[in-house]
Amino acid sequence: MSRFGQMISAAKGLLRKDSMPAHDLRSEYMRDGRGLTFSGWHPPALREPYDDVARAWAPASARTTDLMHNVGWIAGGIEQATVDCVGNGLKLNAKPNAAALRLDPVRAAEWAKLCEARFAVYANRAWDCDVEGRRHFGQMQAAQYKSWFGFGEMVAELPWRPRVGSRYGTKVRLVAPHRLSQRTDIGNRLIQGVRMDPDGLPVSYLFAPNNRLSNLMSAPAAPIGEVEVAARDAMGRPKIIHNFDGAISTTRGISVMVPVLKVARQFDQLANATLMQNIVRSLFAFSIESDQPTDDVLSALLTPEEQAAAATQGMSAMEAWFASQAGWYDKKNIDVGITGRGAQLYPGQHLEFHTSQGPSADYREFAKDLLRENARCIGITYEGFTGDYAGVTFSSMKVATDYNWRVICYRRKNIVSPFCQGVYEGWLEEEIEQGGPLALPGGIDQFHENRAEICNADWTGSPKPTPDELKAANERLLRLRMGAASQQMVCEEYGVDYEDVCAEKAAARTIREKYGLPDEDLTNAGVAADPNVDPETGDPKKDNPPSPAKDKQPEPA
């Protein structure tokens, strides 16, 4: 290359070097990590999730319990969330596998209905299901759900306690989660009181007994210290029910209220500060600003004669000052009925009126934001949390209800149902072993071999709330006519079993026939009759004449 070509190449390289940015542009996460936003945000150290739970569990549970006991918003919101999710108690919908039962489908369906009926008798009687004889099964579900809010987990024991007047020995004991030990021994696979096998499966739990329940966990005389109880017995029967919804690799739950503990405390402080501000402004009609002590300020307002008289009578400076005011104003008349008048005040006084003032203009919006965050974490709508329906439309309420309903369904499936399922499995094992109406061809051995298939069940609760029942009913009817839903699906939306509805209809028809009453057809009840629609099928009529109003064409001008 000639000398001139080398000079050209060097110049091009210099231009390329000058045109390049000072730093490389990379497409990466948080490439602006040194900017103003991230400069003060030091990344926390990552560790095992169970370690995070273990460190925060005790203070988080204590603070959440304190809020539930002393803050009306939180207590009322959790009560509302419990009513929405649990209601009067989730109902058993048994769905056993017919092959596992060794019965034909018809007999299997009859067996399932009988199982539901017998479990309902057991669940509705506190003497049968509660070891303390205080709560029926629905009340136990509600208590466990509230415990989940406070501690992030549910703990229960299934002891064997036969008693007079009870058909079953299977009982349920609700255990406060703080009784579960917080001890961790990684070498022995023990994390926060939960001992696991090499695969991470809980095999036993460590409890700290108290004086009132010294015989907890079926121990005739529990020693002082921790008591270790197996999760299941040798045949797979559950002995401890421990349920939570946590992060990966965690063995214990933590309260769902942890993210809003600060927010709930802030709202409480805001309300207290605002109330105190108004009270103070309403108590004091005037004020005196001075750097001197109060007695010195009031003494300075008195003459030497008044100070001497006060000392003689044993009065304080404040008492003497008020006495002098009374003597002065006895001879002065301030008539508020005549406008434009002035009054001569006591020497040294500056009259300044203080009125009670409300909070700042943004107080309401700020308070609503705090309440919204609390309601979101609890799992209910802001309107249901506060009772404030101002400015709410039907559409907005419907959308809020739809989104909140998904939270309710999730918690029913993953929080409350596992507790119900554990109790149901323990009861059903005893029922089959007794050899009663639910006895299987292969007896208890068949149950142990096919426990999962035989105990398969769903747990249903109260139906989805709707802002407008008529619109919701018309929507379901439209889906039925379109073929997008079945009557069984509609019954599930109402929280009832389709077979139970059919059985009640058949029983009602039998009763009406007994008394000679005509059969009622409520298929199209409450729906406005459409002359262009077949009332039996819901399809448009084919032989309808065209409507003159619709087919008439406008005449040309």
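A salt bridge, as I use the term today, is a side-chain nitrogen of Lys or Arg within 4 Å of a carboxyl oxygen of Asp or Glu. R195 and E228 form one such salt bridge, with 2.7 Å between the closest N and O atoms. The two belong to distant parts of the chain, 33 residues apart: R195 sits in strand β5 (residues 194-196) and E228 in strand β7 (residues 227-230). Helices here are DSSP runs of H or I with at least four residues, strands are runs of E with at least two, and both are numbered from the N terminus.

Before going on, the ground rules. This is a predicted model, in which local features need pLDDT of at least 70 and side-chain atom pairs count only at pLDDT 80 or more, while totals for chains, interfaces and linings use all residues. Residues are numbered from 1 along each chain as its sequence is written, and side-chain values use heavy atoms, with hydrogens and water left out.

Now the overall picture. The protein chain has 21 helices and 9 strands. Of its 557 residues, 32% are buried. Buried means under 20% relative accessible area, exposed means over 50%, and partly exposed is in between, using a 1.4 Å probe and protein chains only. The chain exposes about 35,500 Å², and carbon and sulfur atoms supply 56% of that area. These areas come from the Shrake-Rupley method with a 1.4 Å probe; for residues, only the protein chains shown count as cover. Among contacts with a separation of 6 or more, 64% are between residues 24 or more positions apart. A contact means heavy atoms within 4.5 Å.

Next, the interior. A nonpolar core is a set of buried Ala, Val, Leu, Ile, Met, Phe, Trp, Tyr and Cys residues joined through side-chain atoms within 4.5 Å. The largest one has 67 residues, and F419, Y424 and L428 touch the most other members. Helix α15 (residues 394-434) gives this core its largest share, 11 residues. Which residues does L428 contact, leaving aside its neighbours within four places in sequence? They are W111, C115, L438, F447, I454 and C455. Another core lies apart from it, with 12 residues, including V194, M196, Y205 and A231.

On to the strands. Two strands pair if DSSP finds at least two bridges between them. One open sheet has 3 strands in the order β3-β2-β8, with antiparallel pairing. Its edge strands are β3 (173-175) and β8 (240-244), each pairing on one side only. Neighbouring strands of this sheet are turned against each other by 25 degrees on average, direction ignored. Strand β2 (residues 153-157) is joined to β8 by 5 bridges, and E157 stands opposite I240 in β8. Helix α8 (residues 137-151) packs on the sheet, where it touches β2 and β3, and its direction makes about 135 degrees with that of β2. For such angles, axes are lines fitted to C-alpha atoms, for helices over the stretch in contact, and the angles run from 0 to 180 degrees between N-to-C directions.

Elsewhere, strand β1 (residues 91-94) runs antiparallel to β9, with 4 bridges between them. A94 has A457 as its bridge partner in β9. In a regular strand the side chains alternate between the two faces of the sheet. Strand β9 (residues 457-460) shows this: A457 and W459 point to one face and are buried, whereas D458 and T460 point to the other and are not.

Back to the charged pairs. The count of salt bridges comes to 22. One of them joins the side chains of K146 and E79, at 2.8 Å from N to O. K146 is in helix α8 and E79 in helix α4, so this pair ties together parts that are 67 residues apart in sequence. K146 is partly exposed at 29% relative accessible area, and E79 is partly exposed at 41%. R135 and E132 form another, with closest N and O atoms 4.0 Å apart. A network of salt bridges links R47, D51, D52 and R55.

Helix α4 (residues 72-85) also holds A75, which is partly exposed at 32%. From A75 to T65 is 10 residues in sequence and 9.7 Å in space, C-alpha to C-alpha.

Last, helix α11 (residues 304-313). How many of its 10 residues are buried? The number is 1, so helix α11 lies largely in the open. G314 follows α11 and has a positive phi, near 75 degrees.
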